[in-house]
Amino acid sequence: MAAATAMRFGQLSSGSDMAPDWTTKEVSTGTTIMAVEYDGGVVIGADSRTTTGAYIANRVTDKLTPIHDRIFCCRSGSAADTQAIADVVTYQLGFHSIELDEAPLVQTAANLFKASCYRYREELMAGIIVAGWDKRRGGQVYTVPVGGMLVRQPVSVGGSGSTYIYGYMDSNYKPNMTKDQCLRLVSGALSLAMERDGSSGGVVRLAAISETGVDRQVILGNQLPKWSTIYLTIYPTVCLKDWRSTLLSKGLEIYPTVCLKDWRYTLLSV
Amino acid sequence: MSSIGTGYDLSASTFSPDGRVFQVEYAMKAVENSSTAIGIRCKDGVVFGVEKLILSKLYEQGSNKRIFNVDRHVGMAVAGLLADARSLSEVAREEASNFRSNYGHNIPLKYLSERVAMYVHAYTLYSAVRPFGCSFILGSYDQDDGPQLYMVDPSGISFGYWGCAIGKAKQAAKTEIEKLQMKDMTCRELVKEVAKIIYIVHDEVKDKAFELELSWVGEVTNGKHELVPKDIRVEAEKYAKVCTTTTSLLHGISVTWVQNNSTFKMGKKKQTLNISLLSMVK
């Protein structure tokens, strides 16, 4: 702090290592966000870290922003830009919904996001996932990445941490999953990304949107699914008879093709 | 029905002492001078029929159309001053197009008719402009909302209908429409009935030649508003011509029956005669 004040009378060059990074950096929701469709609604999730450079400005951010009763958006990129766009779209969609005298379509919300993101693409840095439920087409996920493209996808990830979980998503997403499977998929993927991406972390915020309403959850740090191999130890006191229930209680799935003889090696590689 | 609004009818920005805006009422009279247009909504689509009077033999066939395409899934049939109607169809087209551009999906017909009605209403507020001298019927078919039918009149209000008629013979047409069970009919059946109604309300004495303009939108056209294909139109006109001659024949027969047998129940026999003759014709 003293060093920073001293620097004010000198020159504040960006290459200087006297001033902390975050005095010159923009506030970013370098992030991991994700949304999955299921039959009857969508599940969305996000981490909760907002950074200014290396400083975590907010470690309990809510990046799942309501746009309408059954439509949410997941924000990534510049915090200010995404908040401003979300406010504009909330206003436009609210007006449109009143004029129409019925609940707005998710597609309409997505198009409004696209219109703003594309028109001001040079000035903005915003990657947004629009997800929700409407009575015409049920649960839908639309992604509006940087630049202002619009495309509907059954499952979509975004933000800086998304790069680490494309493989996980590709191998674990299956069409026609149930709501609980989706919740497990999203929380699992997000915790993996938060483990590896420095700009993502904190808690996992989840929301399940369906015809009946929006069901929000928070998964705190110590409750996150654990993936590191450190946590996977073999206790000699495990009774061989109960090996199936032991595996299941650790959250591992059992494949009937496991040969009983090599059960130690199989556990390690699973 | 006709009343003089001396002094209070010079501009649309003046009310009369009994609370009427005469200019708007005069605009509605302009609509009543034009030939009839009807629109009927059935369970899987909407059918329009317009009695287009041919004022000169020199006109090219199909000119001066009175049914417009407002959007792929929306059609508009008009009655009244055709020039006013054309400019309103442009307004409707722009509204539908802007909606799709802003919100990414087809405009719902209720919203479109309210927007165009709002525009028409704006012209009834000022003395610098005159109200539009046309009424029009909007019809659409959508996967989610199904068939929809709305009518807008010069005063700028719009209502949803199952069947409506505008123009000089609208009362007679409305009576005929009320006889139909349109909620249970399909578009193909309805096309014939619409043609029949136009032929019934057409006044042979006052207006000689006319061309029947038919269009539809519904499941049968995959949600696209278009003119009814020539072969279906020809078949519908044939049915209509037969029905109108049959009805006039029957009317003649039943009248003579009553004259001969005063105790005879005219209504019942007319019905059975109707059925047997029509079944022969079909």
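Which residues does B:Ser155 touch, not counting residues up to four places away in sequence? B:Ser155 touches B:Val24, B:Met28, B:His121 and B:Thr124. The legends below begin with that residue.

This is a predicted model, in which local features need pLDDT of at least 70 and side-chain atom pairs count only at pLDDT 80 or more, while totals for chains, interfaces and linings use all residues. Residues are numbered from 1 along each chain as its sequence is written, chains are lettered from A and ligands numbered from 1 in the order in which they are written, and side-chain values use heavy atoms, with hydrogens and water left out.

**View 1. Surroundings of B:Ser155 in the loop between β6 (146-152) and β7 (158-160) of chain B.** Strands are DSSP runs of E with at least two residues, helices are runs of H or I with at least four, and both are numbered from the N terminus. The contacts of B:Ser155 include B:His121 and B:Thr124; contact means heavy atoms within 4.5 Å. The side chains of B:Ser155 and B:Asp153 are joined by a polar contact of 2.7 Å. A polar contact is a pair of N or O atoms within 3.5 Å; within protein, one must be able to donate a hydrogen and the other to accept it, and residues adjacent in sequence count only if both atoms are side-chain atoms. Between the C-alpha atoms of B:Ser155 and B:Met118 there are 9.6 Å, with 37 residues separating the two along the chain.

**View 2. A:Thr31, covered by the UniProt annotation "active site" in an unreviewed entry.** UniProt positions are given in the numbering used here, feature names are shortened, and annotations may be inferred rather than shown by experiment. A:Thr31 is found in the loop between β1 (27-29) and β2 (33-38) of chain A. With a relative accessible area of 0%, A:Thr31 is buried; buried means under 20% relative accessible area, exposed over 50%, and partly exposed in between (1.4 Å probe, protein chains only). Its side chain makes a polar contact of 2.8 Å with the side chain of A:Lys63. Leaving aside neighbours within four places in sequence, A:Thr31 has contacts that include A:Asp47, A:Arg75 and A:Ser160.

**View 3. Aromatic pairs in chain B, with B:Phe99 and B:Tyr103 in helix α2 (residues 82-103).** The search of the whole structure finds 8 aromatic pairs over all chains. The ring centres of B:Phe99 and B:Tyr103 are 4.9 Å apart and the planes stand at 55°, so this pair is tilted. Rings of Phe, Tyr and Trp (its six-membered ring) pair if their centres lie within 6.5 Å; planes under 30 degrees apart count as stacked, over 60 as edge-to-face and the rest as tilted. Both B:Phe99 and B:Tyr103 are buried. B:Tyr199 and B:Phe210 form an edge-to-face pair, 5.1 Å centre to centre with 65° between the planes. B:Tyr199 belongs to helix α5 (residues 187-201) and B:Phe210 to strand β9 (residues 210-218), so the pair ties together parts 11 residues apart in sequence.

**View 4. B:Met182 in the loop between α4 (170-178) and α5 of chain B.** B:Met182 counts as buried, at 10% relative accessibility. Leaving aside neighbours within four places in sequence, its contacts include B:Arg41 and B:Trp162. B:Arg41 in turn lies over the face of B:Trp162, at 4.0 Å from the ring centre. A charge sits over a ring if NZ of Lys or CZ of Arg is within 6 Å of the ring centre and within 35 degrees of the ring normal.
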